[in-house]
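The following exercises concern aromatic ring pairs and overall chain dimensions. Please work through each task before reading its solution.

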Amino acid sequence: MTQLQKTRAEDPREFEAPLHGPEAFAGMRRAGRLTADALDLLVEHVRPGVTTQALDRLVATFAHDHGAYSATLLYRGYPHSICTSVNHVVCHGMPNDKPLREGDILNIDVTLIVDGWHGDSSRMYFVGEVPRRAARLCDITYECLERGIAAVAPGRTTNAVGGAIQSLAEAERCSVVRDFCGHGLGRVFHDAPTILHYVEPSYAVPLRPGMLFTIEPMINLGRPQVKVLADGWTAVTRDRSLSAQFEHTVGVTETGVEVFTYSAKGYHKPPYNLAA
Ligand code: MF3
Ligand code: CO
Ligand code: CO
């Protein structure tokens, strides 16, 4: 997700989201599929005792073996191939050598570059059995993303997406993180348009066929405020409440939306029942 740093007026690119053609959609299908495959691969590896560093290496090897690159490795100095955000970490958690513990929930965010196109997706994973409120938060967040995707159609604006997400999250007494947002992408990792996960009447970008972007709501059980730790990356909830996120890369079509990063194995949300 990109950090909101600029006002709309300071970033005129916001008003010029690029419109992409059929080759771009074909490229995004390949990048999206490989990204989803990497997230699928991780399912059987997430369990108590495993380190997020080991998960990082699995994705680095997977990317290498498939002629792909991780977009996050060395992105603005970020030193890892994936982001691993455990429990109250909202996003951009860094893989480390600390073993995962029974009851943890974590988001794994993978961005792979295939033939120059970016696939960007993340899912929640359960480490063993997790507390009910943690599973509930993940369910709500997954449903927020699905409703956001369902709101995408030409003729609507970015606020249709934000509104669908915000209304569900708040009806469930959860909160939407404001400090990070979805983003356009294609051959560029973070491009226009910015996709807010809440309604902002002063920012309404009309959705047009050919736009490519991510939707990646971060939903907290407690308050929406976040802070970034001294490593310069790890964003956590200020009140240390649990946070969850799911992300898909999508394209606007003539009639609606195409999702590039669905799991081929049906690993949409946890608990994942391992295919035989
Ligand atoms: N994949 C993240 C996103 O959804 C971006 C991670 S940038 C990193 O946009 F440097 F933190 F890896
Ligand atoms: Co993203
Ligand atoms: Co991502």
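**Exercise 1.** Determine how many aromatic pairs the whole structure holds, and classify the pair of Tyr125 and Tyr272.

**Solution.** The structure is a predicted model. A search of the whole structure yields six aromatic pairs. One of them joins Tyr125 and Tyr272, with 5.5 Å from centre to centre and 55° between the planes. Planes under 30 degrees apart would count as stacked and those over 60 as edge-to-face; the pair is therefore tilted, as 55° falls in the remaining range.

**Exercise 2.** Locate Tyr125 and Tyr272 along the chain, and state whether they are buried or exposed.

**Solution.** Tyr125 belongs to strand β6 (residues 117-126), whereas Tyr272 lies in the segment after β16 (257-259). The two are 147 residues apart, and their pair thus links distant parts of the chain. Both Tyr125 and Tyr272 are buried. Ring pairs also bring in Tyr267, giving a cluster of Tyr125, Tyr267 and Tyr272.

**Exercise 3.** Compare the radius of gyration of the chain with that of a compact globule.

**Solution.** For 276 residues, a compact globule would have a radius of gyration near 19 Å. The chain has 17 Å, which agrees. Its C-alpha atoms fill a box of roughly 45 × 40 × 40 Å along the principal axes. Of the 276 residues, 58% count as buried.

**Exercise 4.** Describe the secondary structure and the sequence separation of the contacts.

**Solution.** The chain contains four helices and 16 strands. Among contacts between residues at least 6 apart in sequence, 72% join residues at least 24 apart.

Technical notes: Residues numbered from 1 in each chain as written. Chains lettered and ligands numbered in written order. Predicted model: local features only at pLDDT ≥ 70, side-chain atom pairs only at ≥ 80, totals over all residues. Heavy atoms only, no water. Rg over C-alpha atoms; globule rule 2.2 N^0.38 Å. Buried < 20%, exposed > 50% of the residue type's maximum accessible area, 1.4 Å probe, protein only. Contact = heavy atoms within 4.5 Å. Phe/Tyr/Trp six-rings, centres within 6.5 Å; stacked < 30°, edge-to-face > 60°.
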